[in-house]
Amino acid sequence: MRNLTAKLKLSLDKKVILVTAAAVLISTALAITAAAKEFSYMGNSMQNLAQLQEPLSGTKHVKRSAGPKPSVDPVSLLPKFVKALFTMTRHEVPGSEGRASEAIFEPTDTKYTEALPLNTYVKLTYLGDDKVAMREIDRDIANRFPKDQKNVIVNGQKAHAGFSNDYGSYLIGWAFKGFSVKVITTYTQYIPATNPKDALEQFNQTVALEVNSYMRNPSGKKGDQAR
């Protein structure tokens with residue numbers, strides 16, 4: 001009886017050993033298969049990445065152009081001095097590489113300096129084509145000066161105009177020999193509660209007329225009057 005029990009126990013031990021060995025072999029095989037797949041995937045990924053990083057045959061590095069350059073210095077198209085105006089600044093736009101100029105004019109009339117402080121910023125940017133220049137002005141009006149948009153005339157020059165949403169600024173813009181010309185008048189301290197458009201339009205038109213006249217004949221210094 002004891003021998004039979006011992007034999008049965010031995011048989012069970014062998015079965016356990018065999019089952020364990022089989023499980024180990026299966027697990028090892030599965031691990032090897034998974035590892036092989038992982039290495040294969042990694043290899044394909046690295047190959048694909050290398051192909052993506054390789055430059056295309058025949059391609060060249062193209063240097064982007066900053067845009068056309070004018071034949072005239074944009075600063076020379078802005079007056080140095082204008083009667084009844086104070087020129088705060090007049091220079092090339094930093095980083096424009098000779099393609100743009102800007103100036104700021106303040107009134108000397110106490111009506112504006114004390115009662116309604118404001119100034120006018122003028123910017124000229126060369127875009128090479130009048131149609132392109134007007135599209136750029138119209139985008140600016142649509143984005144920043146969408147109120148009461150209208151067409152105006154500056155010394156016979158067709159221009160577009162509009163107010164900012166808060167009626168604190170007013171823009172008149174036109175194209176001139178490939179330049180976009182923007183004349184922007186802004187209240188510097190507060191926006192009057194009544195008729196805020198009046199002073200903006202009056203002073204803006206004064207500056208716009210002077211700038212337009214000067215641009216048409218800068219060599220004759222028309223509008224470049226000493227104060």
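Helices here are DSSP runs of H or I with at least four residues, strands are E runs of at least two, and both are numbered from the N terminus. On that basis, the elements of this protein run α-β-β-α-β-α-β-β-β-β-α from the N terminus on. That makes four helices and seven strands. The model is a predicted one.

**Overall figures**

- The protein has 227 residues, and 33% of them count as buried.
- Its accessible surface comes to about 14800 Å². Carbon and sulfur atoms hold 57% of that surface.
- Take the contacts between residues at least 6 apart in sequence: 55% of them join residues at least 24 apart.

**The largest nonpolar core**

- In soluble globular proteins, nonpolar side chains tend to be buried together.
- The largest nonpolar core of this model holds 31 residues. Val122, Leu124, Ile172, Trp174, Val181 and Val207 touch the most other members.
- Seven elements are listed below, each giving two or more residues to this core. They are β2 (100-107), β3 (118-126), β4 (147-154), β5 (157-163), β6 (169-176), β7 (179-187) and α4 (196-216).
- Helix α4 supplies the largest share, seven residues.
- A separate core of eight residues lies apart from this one. Among its members are Ile137, Phe145, Ala175 and Ile184.

**Val181 and its contacts**

- Leaving out residues up to four places away in sequence, Val181 touches Lys123, Leu124, Ile137, Ile172, Gly173, Trp174, Phe176, Val211 and Met215.
- Ile137, one of these contacts, belongs to the eight-residue core. Val181 itself is a member of the 31-residue core.

**Helix α3**

- Helix α3 covers residues 130-144, 15 in number. At 1.5 Å a residue it should span 21 Å, and its end C-alpha atoms are 21 Å apart, so the two agree.
- Its buried residues are Ala133, Met134, Ile137, Asp140 and Ile141. Seen down the axis of α3, they fall within an arc of 120°, so they line one face of the helix.
- An α-helix has 3.6 residues a turn, so residues three or four places apart point the same way.
- Strands β4, β5, β6 and β7 are included in what covers the buried residues of α3.
- The face turned away from the buried side carries the exposed residues Lys131, Arg139 and Asn143.
- At the start of α3, a side-chain oxygen of Asp129 comes to within 2.9 Å of the backbone nitrogen of Lys131.

Key
Residues numbered from 1 in each chain as written. Predicted model: local features only at pLDDT ≥ 70, side-chain atom pairs only at ≥ 80, totals over all residues. Heavy atoms only, no water. Core = buried A, V, L, I, M, F, W, Y, C linked by side-chain atoms within 4.5 Å. Buried < 20%, exposed > 50% of the residue type's maximum accessible area, 1.4 Å probe, protein only. Contact = heavy atoms within 4.5 Å. Areas by Shrake-Rupley, 256 points an atom, 1.4 Å probe, with all protein chains shown as cover. Expected span 1.5 Å × (residues − 1). Arc of directions from axis to C-beta. Polar contact = N/O pair within 3.5 Å; in protein donor to acceptor, adjacent residues only side chain to side chain.
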